[in-house]
Amino acid sequence: MKSIAILMEGTPPELDYDEVAELLKSREHILDIHDLHFWTISSGVLALSAHIEVTDECASSGHWPNCLHSIQVLLRDSLGIEHTTLQTEPPRFREERQHFAP
Ligand SMILES: [Zn+2]
Ligand SMILES: [Zn+2]
């Protein structure tokens with residue numbers, strides 16, 4: 001696994017959408033990010049949710065849990081985000097900004 005440079009020193013008081021998206025997209029297997037949200041649960045506790053589009057290889061080889069885990073670690077260690085809700089999607093999973101109940 002490629003080592004990643006920590007882009008930010010400390011935790012910024014406000015998270016920048018593009019910055020967080022770029023940080024995630026800099027990871028191996030991560031093609032794109034959408035439905036990215038972050039908010040504060042309680043004082044100082046940050047939460048983030050996002051849909052993570054991974055490569056075909058990552059999705060089909062069953063590697064995606066590793067990618068999810070590495071993202072969670074990255075978000076916690078570099079941005080101090082403890083609560084993450086992440087959904088992985090294969091490359092052709094385009095929901096056109098809508099999700100339907102099963
Ligand atoms: Zn999605
Ligand atoms: Zn992967």
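How many helices and how many strands are there in the chain? In this predicted model, the chain holds three helices and three strands. Reading from the N terminus, you meet them in the order α-β-β-α-α-β.

**The sheet**

Let us start with the strands. The three of them form an open sheet, ordered β1-β2-β3, with mixed pairing. At the edges lie β1 (30–42) and β3, each of which pairs on one side only. From one strand to the next, the twist averages 15°. As general background, strands of a sheet pair through backbone hydrogen bonds, in either a parallel or an antiparallel way. Here, β2 and β3 run parallel and are joined by eight bridges. If you would like to find one pair in the structure, look at Ile-52, whose bridge partner in β3 is Thr-88.

**Helices on the sheet**

Two helices that pack on the sheet can be set side by side:

| Helix | Strands touched | Angle between directions |
|---|---|---|
| α1 (residues 17–25) | β1 and β2 | about 130° with β1 |
| α3 | β1, β2 and β3 | about 150° with β3 |

**The core**

Now for the inside. Of the chain's 102 residues, 15% count as buried. The largest nonpolar core has ten residues: Ile-30, Leu-48, Ala-50, Ile-52, Val-54, Cys-58, Cys-67, Ile-71, Leu-75 and Leu-79. Both β2 (45–54) and α3 supply at least two residues each to this core. Ile-52, which you met above as the bridge partner of Thr-88, is one of the core residues.

Leu-75 is another core member worth a look. Leaving aside residues up to four places away in sequence, Leu-75 touches Leu-48, Ile-81 and Thr-84. Of these, Leu-48 also belongs to the core.

Contacts can also link distant parts of the sequence. Counting contacts between residues at least 6 apart in sequence, 56% join residues at least 24 apart.

**A closer look at Gly-80**

Where is Gly-80 found? Gly-80 sits in the loop between α3 (64–79) and β3 (81–89). Why does Gly-80 count as partly exposed? Gly-80 has 15 C-beta neighbours inside 10 Å; a residue needs 20 or more to be buried and 12 or fewer to be exposed, so a count in between is called partly exposed. Gly-80 also shows how a chain can bring separate stretches together: Leu-46 is 34 residues away in sequence, while the C-alpha atoms of the two residues are 7.2 Å apart in space.

Definitions and conventions:
Residues are numbered from 1 along each chain as its sequence is written. Chains are lettered from A and ligands numbered from 1 in the order in which they are written. This is a predicted model: local features need pLDDT of at least 70, side-chain atom pairs count only at pLDDT 80 or more; totals for chains, interfaces and linings use all residues. Helices (H or I, at least four residues) and strands (E, at least two) are DSSP runs, numbered from the N terminus. Two residues are in contact if their C-beta atoms, placed from the backbone, lie within 7 Å. A nonpolar core is a set of buried Ala, Val, Leu, Ile, Met, Phe, Trp, Tyr and Cys residues joined through C-beta atoms within 7 Å. Two strands pair if DSSP finds at least two bridges between them. Axes are lines fitted to C-alpha atoms, for helices over the stretch in contact, and angles run from 0 to 180 degrees between N-to-C directions.
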